[in-house]
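Colleague: Got a minute to walk me through this one? I'd like to get a feel for it before going back to the bench.

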Amino acid sequence: MTLMPAKIYRPVAVLCVLLAACGPTKPPPMGLEDASARLQAARDAGASTYAPLEVRSAEERLSAARAAAGKGDYDVAIQFAQESRANSDLAQAKSRLGKAREKVEARTRENAQLREDLGGNADAGAPGP
Amino acid sequence: MKLRIGLFLLFTAACSFAIAAKADLDYARLRASLNDLAADPVLGQLAPAERALADQSVQALIDSSGKERAHLLYLAERRVDIAYATAQAIDQERRLDKLDREHDQILLAASRRDAEQARLEAEKQRIQSLAQAEEAERLRAEADAARAQGEQNAQDAENARREAAQTKRLADAQAKEAALSRKEAQLLAEAAAADGRAAPAAARDTTAPARMTIEDAAFSPGLPTLRADARANIARVVAFVNKQPSKPVRIEGYSDKGGSTADSRALSQKRAEAVRDALIAAGVEARRITAVGLGEAQPVAANTSEAGRAKNRRVEVVLENR
């Protein structure tokens with residue numbers, strides 16, 4: 001086997017480095033997909049009804065994040081994505097709270113009606129705090 | 001020149017101080033909010049993960065500045081809100097669980113009450129059925145008793161009817177016997193009158209005191225009064241006592257051994273007096289006559305039969321010898 005001379009190695013290495021530097025650069029992870037998924041989860045949880053302001057903020061910030069990413073302003077995109085995700089999380093938490101409150105009110109009325117229908121002498125105690 | 005530089009530095013320091021002060025205020029506000037949440041007796045024990053995230057977000061404000069700070073403050077405020085909302089949601093969900101248990105307890109209590117009512121109703125029905133059965137048994141026993149009483153009454157009625165028939169046959173026989181006796185006495189009296197002799201069959205004048213018997217049939221049944229047809233024949237007795245007008249007349253009344261001794265004696269006394277009165281009315285001297293009731297004494301027949309008792313119920317007219 002015959003070894004290639006060193007003067008041939010060097011230009012090849014430089015060419016490889018130049019080709020690598022001139023290729024398309026992959027953008028850093030900005031959490032856009034995660035922010036989008038959380039927004040969808042909030043909508044699925046009924047956030048459009050229970051937390052419409054937070055949903056709108058999440059949508060606006062997700063759009064801003066995508067726009068910033070399109071411009072290559074990745075740091076800004078990351079921040080908007082994080083803020084969108086925080087709004088989606090808040091919207092989902094408020095939806096959970098709103099649903100629970102509605103169920104508590106409905107069940108309280110139902111128990112009171114049941115006691116009244118049964119003559120009010122059932123053994124169950126009064127509803128707790 | 002130095003003055004301008006000095007003023008610029010002073011302005012820069014003031015702005016930095018103001019920003020730092022603002023940052024401290026935001027941090028303090030969020031930190032206080034988190035502390036309130038942690039101190040809440042109910043919510044403080046809930047949503048620990050969300051509170052930890054919020055705590056980290058607030059803590060990140062300390063070393064932040066510039067645009068990054070505004071971003072971190074935005075995140076921190078939402079993380080604190082998320083911690084509150086999550087804790088409240090968990091609290092509501094726990095209340096809902098409690099209400100669900102209450103709901104089940106109400107239904108269970110209602111079910112138990114219904115079961116108890118059903119049991120009481122069944123017991124009531126059982127008692128009513130028992131009472132109805134007892135009432136039916138009582139009515140049946142009463143019906144049996146009434147039927148038995150009816151049968152007894154029918155038997156008694158039949159016995160009474162038979163006894164009445166027997167009594168009627170006996171009375172007829174006695175009446176027939178009395179009629180025959182009267183007819184016989186009348187024939188004897190007529191024969192004696194025709195022959196001019198005084199010796200009726202029923203009044204024999206011997207050494208023993210002469211006696212003439214007036215039978216029970218001459219009286220009304222159970223009474224001391226003479227029957228009308230017997231009064232018509234009292235002339236035979238008058239003839240008997242007047243045959244020997246010097247002798248005193250003793251009228252003896254007798255009865256059977258039926259009722260009490262006092263009643264029997266009283267009836268025999270009254271019958272003797274009735275005969276005495278009839279003789280006096282017919283012209284016999286009253287001072288010759290004595291009437292006495294001897295009751296059940298000196299029976300002429302056994303008292304075991306009706307015929308024997310009829311014979312014992314009599315009045316005897318005795319011509320005493322002295």
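Modeller: Sure, and keep in mind that this is a predicted model. The contact between the chains takes 24 residues from chain B and 27 residues from chain A.

Colleague: What classes of residue are on the side of chain B that touches chain A?

Modeller: That side has 10 nonpolar, 8 charged and 6 polar residues.

Colleague: OK, the inside next. Which residues touch the most other members of the largest nonpolar core?

Modeller: Those are Ala65(A), Ala81(A), Val80(B) and Ala83(B), in a core of 41 residues.

Colleague: And which elements give two or more residues to this core?

Modeller: From chain A, they are helix H2 (32-44), helix H3 (47-50), helix H4 (52-70) and helix H5 (74-117). From chain B, they are helix H1 (2-39), helix H2 (48-59) and helix H3 (66-195). H3(B) gives the most, with 11 residues.

Colleague: Is there another core, and what does it include?

Modeller: There's a second, separate core of 23 residues, and Phe219(B), Val249(B), Ile289(B) and Ala291(B) are among them.

Colleague: Back to Ala81(A). What does Ala81(A) touch, not counting residues up to four places away in sequence?

Modeller: Ala81(A) touches Met30(A), Gly31(A), Leu32(A), Ala35(A), Leu62(A) and Ala65(A).

Colleague: Let's zoom out. How many helices and strands are in chain A?

Modeller: Chain A has 5 helices and 0 strands, so to speak α-α-α-α-α from the N terminus on. Of its 129 residues, 33% are buried.

Colleague: And what pattern does chain B follow along the sequence?

Modeller: Chain B reads α-α-α-β-α-α-β-α-β-α-β, with 7 helices and 4 strands. Buried residues make up 25% of its 322 residues.

Colleague: What about contacts that join residues at least 24 apart in sequence?

Modeller: Counting contacts between residues at least 6 apart in sequence, 70% of those in chain A join residues at least 24 apart. For chain B, that figure is 69%.

Colleague: Now the helices of chain A. At what angle do H2(A) and H4(A) pack?

Modeller: The angle is about 160°, and their axes are 10 Å apart. That makes H2(A) roughly antiparallel to H4(A). The crossing there is left-handed.

Colleague: Which residues make that contact of H2(A) and H4(A)?

Modeller: H2(A) brings Leu32(A), Ala35(A), Ser36(A), Leu39(A), Ala42(A) and Arg43(A). From H4(A) come Val55(A), Ala58(A), Glu59(A), Leu62(A), Ala65(A), Arg66(A) and Ala69(A). By class, the residues of this contact are 9 nonpolar, 1 polar and 3 charged.

Colleague: Let me pick on Val55(A). Why does Val55(A) count as buried?

Modeller: Val55(A) counts as buried because it has 23 C-beta neighbours inside 10 Å, and the cut-off is 20 or more. Val55(A) sits in helix H4 of chain A.

Colleague: What is Val55(A) in contact with, leaving aside neighbours within four places in sequence?

Modeller: Val55(A) is in contact with Ala42(A), Arg43(A), Ala47(A), Ser48(A) and Ala91(A). Also, the C-alpha atoms of Val55(A) and Leu39(A) are separated by 7.3 Å, with the two residues 16 apart along the chain.

Colleague: How do H4(A) and H5(A) pack?

Modeller: Their axes are 8 Å apart at an angle of about 160°, which makes H4(A) roughly antiparallel to H5(A). H4(A) passes H5(A) in a left-handed crossing. The contact includes Val55(A), Leu62(A) and Ala65(A) of H4(A) and Phe80(A), Ala81(A) and Ala91(A) of H5(A). By class, this contact has 14 nonpolar, 4 polar and 4 charged residues.

Colleague: Last pair: are H2(A) and H5(A) roughly parallel or antiparallel?

Modeller: Roughly parallel, since they cross at roughly 20°. Their axes come within 8 Å, and the crossing is left-handed. Among the residues in contact are Leu32(A), Ala35(A) and Leu39(A) of H2(A) and Ala81(A), Ser84(A) and Ala91(A) of H5(A). The residues of this contact divide into 7 nonpolar, 4 polar and 4 charged.

Colleague: Great, thanks. That gives me plenty to look at.

Terms used
Residues are numbered from 1 along each chain as its sequence is written. Chains are lettered from A and ligands numbered from 1 in the order in which they are written. This is a predicted model: local features need pLDDT of at least 70, side-chain atom pairs count only at pLDDT 80 or more; totals for chains, interfaces and linings use all residues. Two residues are in contact if their C-beta atoms, placed from the backbone, lie within 7 Å. Ala, Val, Leu, Ile, Met, Phe, Trp, Tyr, Cys and Pro count as nonpolar, Asp, Glu, Lys and Arg as charged, and the others, Gly among them, as polar. A nonpolar core is a set of buried Ala, Val, Leu, Ile, Met, Phe, Trp, Tyr and Cys residues joined through C-beta atoms within 7 Å. A residue is buried if 20 or more other C-beta atoms lie within 10 Å of its own, exposed if 12 or fewer, and partly exposed in between; C-beta atoms are placed from the backbone. Axes are lines fitted to C-alpha atoms, for helices over the stretch in contact, and angles run from 0 to 180 degrees between N-to-C directions. Angles under 35 degrees count as roughly parallel, over 145 as roughly antiparallel, 65 to 115 as roughly perpendicular and the rest as oblique. A crossing is left-handed if the near helix is turned anticlockwise from the far one by less than a right angle, and right-handed if clockwise.
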